[in-house]
Amino acid sequence: MKAAVVVFPGSNCDRDCKVAIERSTGADVTMVWHGETVLPAGLDLIVLPGGFSYGDYLRCGAMAALSPVMSEVRAAAIRGVAVAGICNGFQILCEAGLLPGALLRNAGLKYVCKPVKLEVTNLQTRFTAAFGSRREATMTVGNGEGNYFADDATLDRLEGEGRIVFRYRDNPNGSARSIAGIVNDKGNVLGMMPHPDRAFEGELGSSDGALLFQSVMASA
Amino acid sequence: MIAATPTLAETALAYGLKAEEYDLIVQRLNREPNPLELGVFSVMWSEHCSYKSSRRHLAKFPTSGPRVIQGPGENAGVVDIGDGQAVVFKMESHNHPSFIEPYQGAATGVGGIMRDVFTMGARPIALLNALRFGDPEHPRTRRLVAGVVAGIGGYGNCVGVPTLGGETNFHRGYDGNILVNAMCVGLADADKIFYSAAPAAGLPVVYFGSRTGRDGIHGATMASAEFDADSDEKRPTVQVGDPFAEKLLIEATLELMASGAVAAIQDMGAAGLTSSSVEMAGKGSVGIELDLDLVPQREADMSAYEMMLSESQERMLAILKPGREAEGRRIFDKWGLDAATIGRTTDTGRIVLRHHGEVVCDLPLAPLTEDAPNYDRPWTAPLPQAYIDPSSILPPSDWESVILKLISCPDMASKRWIWEQYDRHVMADTLEDPATGADAGIVRVHGSRKALALTSDCTPRYVSADPYEGGKQAVAEAWRNLTAVGADPIAITDNLNFGNPERSEIMGQIVRAIDGMAEACRALDFPVVSGNVSLYNETNGSAIPPTPTVGAVGLLADYGRRADFASLRDGDTLVLIGETRGALGASLYLRECLGREDGAPPPVDLAVERRNGDFVRDRIRSGGVATVHDLSDGGLIMAAADMALASGVGLTLDVPQEDITSLLLGEDQARYLIGTNDPESLVSKARAAGVPARRIGHAAGGSLSVPQMFSIPLERLRRSHEAWMPTYMEMAAV
């Protein structure tokens, strides 16, 4: 498998994503600077990592969504390449219009960092196949604006089409319908607030995140 | 009425200098300084920059050792951790700014300490913070807590460095002066450490990072003065942080260093461009010339004085090797940073500043640096509080309410409300953090089996009761916390917070606390490699409790062999290591339940501390034990409660009725509580090592209990422990 991690100014989970993918799958991971206009050929996975791209100034993800590399990411997504946005990456995908909805300020108005139990709501996606029949996963969240919002019609559609991939068992941030992660209509673009990149080996408290990267590899 | 223009001597007073210090400047220069030069002197001779009251006493600390690569005097200390790697760390206060503007004060404190670490060539990998607030009932406290915590999180989370630990105390002694001490730990290659001394004349001086604005002017001077009723007017002297700029600065600085272009480098912290340029040239025994017109500026028409005294954040000064400026330019452009070559090093031993084509400052460097005042301030030995015979303290009539009171008192209550606002997992190397139940935060050395254990400690009520013993205890407790997770304690950074050193009784606290700390550091082979002194923590003549915070680092050669206190299993036996005599003086029990703050603090026998600690660490290393908690605030009963709550299993203590108060609530030092399924082996090995060890109970059921005395369900204990802080913080402001 070949993977790329996009580095925006202010990304801070870029290395974590690289290490997590390498340790989980043995894949080759290339770091791609946001100013690039070409992506490496033959990618199976593009990750938009967590962090505070452009300091979260203006709106989380708003400026990064306009980075030069994003038109290539969009083109790859249209070609069907798997794209995963984690935390700030999820915010960027929403701002770029590659996923519906938006991430608002947490309901508690504070940044929240804690382990969360997730329900794996759809085991049939490119990002969850390796979970087998496991319906539960543990990862950590760390965000101030992880409160997923979309209008009811969109939420109904997401639900009806099985596009809600992860739900919080105990909603930490007020997300609509306890949504922790969703995919696009083709199922190849994932956005999620919890961090699989911090849960790829047991010593970190959970290795459930590794299953996500292994799922992508299995489908590659 | 027309106010008379102040004379230079009067201006000197307004800048925080004493009349005799102004006279000394005139004498050193053989002329009167101009106003800009006076500004430069005033910040370089401030307590914050010159350490003029503490320098001679700090010299008592042991600062070398087989692992020490760089001791105090640079931006941060550097310690060898083997395999060609080094840990770089320092703790620094941002007390005064945080009191005036808590969010920005705390945020820029975190930013400043991170810059000290990456300036040495290290990537920051962990943060800690030690916070002391006033009485929770004080009208200002809640807002200060909320602002400081949000500021620390807002900065550290954004930059992407995990916050792994710290401590939080509340006491009315901090009502008018809170303490915000931030520590940063970084990782570097031992042969790629960067220093601030300019190596030669004729080299380009390059400014990069954020532009210079009018914020923070005279911050170092403010940090060296007492507060009074008008302190809120000092808000403009507080800097404003931009963590995004800091993140870019870290990446650009590390990339610039890796390019090989850097000859010397220094961040612009307290006293900004003044101290960075003076220190780089002074340490290198060269001179420096700057053209202030070239300084990237945020605002129009800034004066030379404003530029030199600004404490705008996220700025660096580098001296590049000849011909490497283009390389620097490429890196600064990539990261979108402002940069300019603003001067050159010279061989004159002077700092010369030009502005609009004129020389506006021309000073010899020596009086600004090594010849700055170095006072031997008069001090009076503090009178230690008297010993309290434990038999004079009656056992509580209601144990259950005492235990619930202790576990929910502001100092002991869960600080989840605080640490859940800090990113503790970014960088994906966190093994232990406040959520996991261990005596120290632990972070892996990326890509290896090694890990660093980190803690920050001080028990201000002990230091107040007896600065010497309290100073010893702060060091010993840090050493013990690292030991309790199985780490080798390797070095400390100190952050000395005191009142006004011009008062002999305060100076006495400083001198004796340092004496005690130095003795403990020597006895425990625990050198001081960096530090910071914060004096004048007083408001209207009332000083803070003496608070010499110790930030400490330990090394785990294999993190697979470590201990925590969350792994107690049903059926395990509890073994108490160390001797209990019943040290109830200055204890948490006395203060919280009897309303008394008298008594001598627990004495620290450093030989015993070392013997007991070495034994415990050895048992952890050999794989013999993995469930360990040190005994500190609240003694055995609080350690047992922590262990039970973190492990989710009840425990029963078997303690004889006659000395139950001493045994459960005494705060005797050098003690550990160990959970084990092989108590015979542990006790016999302890006996062989000459270490006191006794079976003290066992894990079972779902309550914390002493038969016939009390039995408290864990859920009740947990509710009390967890409820205080969120309830307090969410109470509507009246």
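The following paragraphs lead through a predicted model, from its confidence scores to one helix of chain A, two helix pairs and the contact between chains A and B.

The model carries an ipTM of 0.97 and a pTM of 0.96. For chain B, the pLDDT averages 95, and 97% of the residues score at least 70. Where pLDDT is low, the predicted coordinates should not be read in detail.

Helix α2 of chain A, which spans residues 69-79, offers a starting point. Its buried residues are Val69(A), Met70(A), Val73(A) and Ala77(A). Viewed along the axis of α2(A), these buried residues fall within an arc of 95°, and they therefore line one face of the helix. The elements that cover the buried residues of α2(A) include the strands β1 (2-7), β2 (28-33), β3 (45-48), β4 (82-86) and β11 (189-192) of chain A. On the face turned away from the buried side of α2(A) lie the exposed residues Ser71(A), Ala75(A), Ile78(A) and Arg79(A). After α2(A) comes Gly80(A), with a positive phi near 100°.

Elsewhere in chain A, helix α1 (residues 14-25) packs with helix α5 (residues 208-219): their axes come within 9 Å and cross at roughly 70°. Angles of 65 to 115 degrees count as roughly perpendicular, and α1(A) and α5(A) are therefore described in that way. From α1(A), the residues Ala20(A), Ile21(A), Ser24(A) and Thr25(A) take part in the contact, meeting Gly209(A), Ala210(A), Phe213(A), Gln214(A) and Met217(A) of α5(A). By class, this contact of α1(A) with α5(A) comprises 5 nonpolar residues, 4 polar residues and no charged ones.

Chain B contains another roughly perpendicular helix pair, α3(B) and α11(B). The axes of α3 (residues 35-44) and α11 (residues 272-283) of chain B come within 10 Å and cross at roughly 75°. Here Val40(B), Val43(B) and Met44(B) of α3(B) meet Thr274(B), Ser275(B) and Val278(B) of α11(B). The contact of α3(B) with α11(B) has 4 nonpolar and 2 polar residues, with no charged residue.

The last subject is the contact between the chains. In total, 21 residues of chain B are in contact with 24 residues of chain A. On the side of chain B that touches chain A, the elements giving two or more residues are α8 (141-159) and α10 (243-258) of chain B. That side of chain B consists of 11 nonpolar, 6 polar and 4 charged residues.

Terms used. Residues numbered from 1 in each chain as written. Chains lettered and ligands numbered in written order. Predicted model: local features only at pLDDT ≥ 70, side-chain atom pairs only at ≥ 80, totals over all residues. Contact = placed C-beta atoms within 7 Å. Helix = DSSP H or I, 4+ residues; strand = E, 2+ residues; numbered from the N terminus. Nonpolar A, V, L, I, M, F, W, Y, C, P; charged D, E, K, R; others polar. Buried ≥ 20, exposed ≤ 12 C-beta atoms within 10 Å, placed from the backbone. Arc of directions from axis to C-beta. Axes fitted to C-alpha atoms, helices over the stretch in contact; angles between N-to-C directions. Parallel < 35°, antiparallel > 145°, perpendicular 65-115°, else oblique. pLDDT = per-residue confidence, 0-100.
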